[in-house]
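Please look over the sequence and the fold below before reading on; the paragraphs that follow move from single residues to the elements around them.

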Amino acid sequence: MLDNNFDNHEENEIVNMTEDESNVDDEKAEDRKAFEDEYEERESEYEDVCFICRRPESKTGKMFKLPNHISVCSDCMHKTMDTVSQFDYQGMLNNTNLNFDKDNGKDGKRRFPNISFVNIADLQGDGGIPNRQKLKKKKSKEKKEKAVFNIHDLPAPHKIKAQLDDFVVGQDHAKKVISVAVYNHYKRVTTGTMDEIEIEKSNILLLGPTGCGKTYMVKTLARLLDVPLAIADATSLTEAGYIGDDIESVISKLLTAAENDVEKAEQGIVFIDEIDKIAKKKNTTSRDVSGESVQQGMLKLLEGADVEVPVGANSKNAMVPLTTINTRNILFICGGAFPDLEEIIKQRLTKQSSIGFNAELKDAFDKEKNILKKVTVEDIKKFGMIPEFIGRLPIICPMDSLMEESYIKILKEPKNAILKQYQKLLELDEVKLNFDDSALQAIARKAMERDTGARALRAIIEEFMLDIMYEIPKDDNIGEVTITGDYINGTGGPVIDIRTDNVHTRQAASASEKEPVVSEKDSTVEEHNFYEF
């Protein structure tokens, strides 16, 4: 009787163990299925790309799915099987000794020398193509939206300009031009046509000296607008077939900014910087592969055409898939410094006779600061841009040269002004940094002497702030530093205020270490030159 009870008890334990194991297996299967569903959902956004020919699924049709997330199109699969069928692939499957049969097989079929089949499932890692080289699938007609933006949601030009004013000082005319151009561009994109009248785009050409804010304005615009905006550089562009970036790489960067969404990229903005570097080369006998040839290649982009664009690369020759993008609704903004253009304008303005009472003097425009405002299409053609290229940039927007007042405003007015950046740096050391008006004027004069635009401001301040930022961490008693004009001009030093109750008292490092606080009676104001250390 006891033996029977013991046997029953053992059977119950075995049944319970098998039930627990089955539950564990079910949980693992559910986790694996959930992981696979999540992976498929994440991958379903992107088209499959053939592992051999790199064409997307939209061009090849259905693909063969292989292990390690490898996809092969039907064309490549059939070509592979046709090639392999000429040889004894059955022998390769069975023979793993990798020996070459000199008799080419007894059945008359040739064999590959030292080649055998490999099981793809045995490969380590993920053999598929990364998502950055894939295109997003196009939305179905039911889910397809009419436009990316609604007209009523797009900010008006004065609101766009007001946002630019917070970051960019001056250049009111250029900001108005860009604000209106962006506003009209997206009105045209969202509506398509108005009363059966097709509205064409108006590309922009920004002219201005170096450091006047051309690139910075567009970078600020890219942060403000929730649209794909790509910034490309024309200096690396070359004619097709030569070393360098292809012209289509400009659109490839826009596609990357749109997260490989073709429909979103076709409504974006492209800013091509340093456009003056592709001007025609003068007095050269070699082929101009990075000048006039690039201008001719860009004509179809600016006008609007279907362009084959590499996905995730700067060259069509890279082993990446290609996609077709229509540039008809892409707004192009080109910017460049155009050095020596001022001399061309002066020659045109003073080419009339210099004899008589009403004659123009040869040096009449030498002191003209904003002579770029007088630019014409003839001047740009004489600089080296071909007429067809200029004709596709109907809006020519010269930018203002920076004056002393502009430099002072750039120093202190924008949200991320240079002075505010250094004040924040010293604030982390619990030291207050001040600049008096004479220091700002001295910095502005030195920047004008360097003639490199607003970029000179950081170089000048960094030069004079080096000793201050080096010495301040040494002395915990320093509470406030005032930069004077004499210090900038090299005839004096900064004004140092010793730390008091009223001057930015530093917090104690720990409860045990209490820093002595100097009373207001003992506080002294010193003028100190760090160059004496």
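**A walk through the predicted model**

Phe-338 has its place in the loop between β10 and α11. The model is a predicted one, and in it the phi angle of Phe-338 is near 50 degrees, which is a positive value in a residue other than glycine. Because its relative accessibility is 3%, Phe-338 counts as buried.

One of the residues that touch Phe-338 from elsewhere in the chain is Phe-383, and Phe-383 itself lies in helix α12, which covers residues 377-383. With residues up to four places away in sequence left aside, Phe-383 touches Asp-276, Ala-279, Lys-282, Phe-338, Pro-339, Leu-341 and Ile-344. Is Phe-383 buried or exposed? Its relative accessible area is 12%, and since buried means under 20%, Phe-383 is buried. The C-alpha atoms of Phe-383 and Asp-340 are separated by 8.1 Å, although the two residues are 43 residues apart along the chain.

Two of the residues touched by Phe-383, Leu-341 and Ile-344, bring us to helix α11, which runs over residues 341-349 and whose buried residues are Leu-341, Ile-344, Ile-345 and Lys-346. What covers these buried residues of α11 includes the strand β5, at 204-207, as well as helix α12.

Strand β5 in turn leads into a sheet. This is an open sheet of five strands in the order β6-β7-β10-β5-β11, with parallel pairing. The strands β6 (229-233) and β11 (395-398) stand at its edges, each with a single partner strand, so one side of each is left without a neighbour in the sheet. On average, and with direction ignored, neighbouring strands of this sheet are turned by 20 degrees against each other. At the β6 edge, five bridges join β6 to strand β7, residues 269-273, and these two strands run parallel; within that pairing, Ala-232 stands opposite Ile-272 in β7.

Helices lie across this sheet as well. Helix α6, made of residues 172-191, lies across β5, β7, β10 (331-336) and β11, and it runs at about 155 degrees to β11. Helix α8, made of residues 249-257, lies across β6, β7 and β10, and it runs at about 150 degrees to β6. Which residue in the loop between α8 and α9 deserves a look? Asn-260 is found in that loop, between α8 and α9 (262-265), and its phi is near 60 degrees, again a positive value in a residue other than glycine. At 5% relative accessibility, Asn-260 counts as buried.

Further along the chain, a pair of helices can be described by its geometry and its contacts. The axes of helix α15 (residues 418-427) and helix α17 (residues 455-471) come within 11 Å and cross at roughly 20 degrees. Angles under 35 degrees count as roughly parallel, and α15 and α17 are therefore roughly parallel to each other. The crossing in which α15 passes α17 is right-handed. From α15, the residues Ile-418, Leu-419, Gln-421, Tyr-422, Leu-425 and Leu-426 meet Leu-457, Arg-458, Ile-461, Glu-462, Met-465 and Met-469 in α17. Sorted by class, this contact of α15 with α17 has nine nonpolar, one polar and two charged residues.

The last local region to visit is centred on strand β13, residues 478-483, which is mostly covered, with six of its six residues buried. Strand β12 (residues 432-435) is joined to β13 by four bridges, and these two run parallel; here Asn-434 stands opposite Thr-482 in β13. Four bridges also join β13 to strand β14 (residues 495-498), but this pair runs antiparallel, and Val-481 stands opposite Ile-496 in β14.

For the chain as a whole, there are 18 helices and 15 strands, and buried residues make up 39% of its 533 residues. Among contacts between residues at least 6 apart in sequence, 67% join residues at least 24 apart. The contact of Phe-383 with Phe-338 and the pairing of β12 with β13 are local views to return to in the structure above.

Notes:
Residues numbered from 1 in each chain as written. Predicted model: local features only at pLDDT ≥ 70, side-chain atom pairs only at ≥ 80, totals over all residues. Heavy atoms only, no water. Axes fitted to C-alpha atoms, helices over the stretch in contact; angles between N-to-C directions. Parallel < 35°, antiparallel > 145°, perpendicular 65-115°, else oblique. Left-handed = near helix turned anticlockwise from the far one by under 90°. Contact = heavy atoms within 4.5 Å. Nonpolar A, V, L, I, M, F, W, Y, C, P; charged D, E, K, R; others polar. Buried < 20%, exposed > 50% of the residue type's maximum accessible area, 1.4 Å probe, protein only. Pairing = 2+ DSSP bridges.
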